[in-house]
Amino acid sequence: MTNVPMHATMPTCPNLERCSLRQSIGMKEALAVWHSFYCESGFVRCERYKLACAGSDVPARLLPNGRLLEGTDAAIAARRDR
Ligand code: SF4
């Protein structure tokens with residue numbers, strides 16, 4: 001567990017620039033919610049961040065809360081590459 005004082009402002013996720021979440025989430029409004037709740041205020045809770053820190057591959061389908069987007073990683077990657 002990261003030792004961050006409760007009153008401290010949580011910094012933005014250090015993986016933000018290289019994270020593929022924005023390519024996996026098509027809807028701008030939905031992406032803004034994920035960013036607000038995880039990327040900009042609570043990245044230590046993000047399951048994508050935890051996997052990346054552990055050196056594991058991060059599935060394209062994985063959402064910050066640990067749930068998976070519908071579809072396969074391949075389908076999401078294909079949608080991303082369009
Ligand atoms: S989804 Fe997770 S790993 Fe990606 S930028 Fe947001 S907090 Fe960081």
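Reasoning about a predicted helical chain and its ligand shell

Colleague: Before we discuss how the labels are earned, which residues lie closest to the ligand, and how many surround it?

Modeller: In this predicted model, 13 residues surround the ligand, and the closest are Cys13, Cys19, Cys39, Phe43 and Cys46.

Colleague: What makes the shell around the ligand nonpolar, polar or charged in its composition?

Modeller: The residues of that shell divide into eleven nonpolar, one polar and one charged; Cys and Phe count as nonpolar under the scheme used, so the closest residues, Cys13, Cys19, Cys39, Phe43 and Cys46, belong to the nonpolar group.

Colleague: Which helix gives the most to the shell around the ligand?

Modeller: The helix α3 gives the most, with three residues, while α2 (28–39) and α3 (47–53) each supply at least two residues of the shell.

Colleague: How do you know that the pattern of the protein chain is α-α-α-α?

Modeller: The protein chain has four helices and zero strands, and reading along the sequence therefore gives α-α-α-α, helices and strands being assigned as DSSP runs.

Colleague: Why is Ser41 called partly exposed?

Modeller: Ser41 has 14 C-beta neighbours inside 10 Å, whereas a residue is buried at 20 or more and exposed at 12 or fewer, so Ser41 falls in between and counts as partly exposed. Ser41 is found in the loop between α2 and α3, and, not counting residues up to four places away in sequence, touches Met10 and Ser36. Ser41 and Thr9 are 32 residues apart in sequence, yet their C-alpha atoms are 7.6 Å apart in space.

Colleague: What makes Thr72 partly exposed?

Modeller: Thr72, in the loop between α3 and α4 (73–81), has 13 C-beta neighbours inside 10 Å; the limit for exposed is 12 or fewer and that for buried is 20 or more, and Thr72 therefore counts as partly exposed. The C-alpha atoms of Thr72 and Pro59, which are 13 residues apart along the chain, are separated by 9.4 Å.

Colleague: Which residues form the largest nonpolar core, and what is Cys39 in contact with?

Modeller: The largest nonpolar core has six residues, namely Cys13, Tyr38, Cys39, Phe43, Cys46 and Tyr49. Leaving aside neighbours within four places in sequence, Cys39 is in contact with Thr12, Cys13, Leu16 and Trp34.

Colleague: Where in the protein chain is confidence lowest, and where is it highest?

Modeller: Confidence is lowest in α4, at a mean pLDDT of 66, and highest in α3, at 98; the protein chain averages 86, and 80% of the residues score at least 70.

How values were computed:
Residues are numbered from 1 along each chain as its sequence is written. This is a predicted model: local features need pLDDT of at least 70, side-chain atom pairs count only at pLDDT 80 or more; totals for chains, interfaces and linings use all residues. A nonpolar core is a set of buried Ala, Val, Leu, Ile, Met, Phe, Trp, Tyr and Cys residues joined through C-beta atoms within 7 Å. Two residues are in contact if their C-beta atoms, placed from the backbone, lie within 7 Å. A residue is near a molecule or strand if its C-beta atom, placed from the backbone, lies within 6 Å of it. pLDDT is the predictor's confidence in each residue, from 0 to 100.
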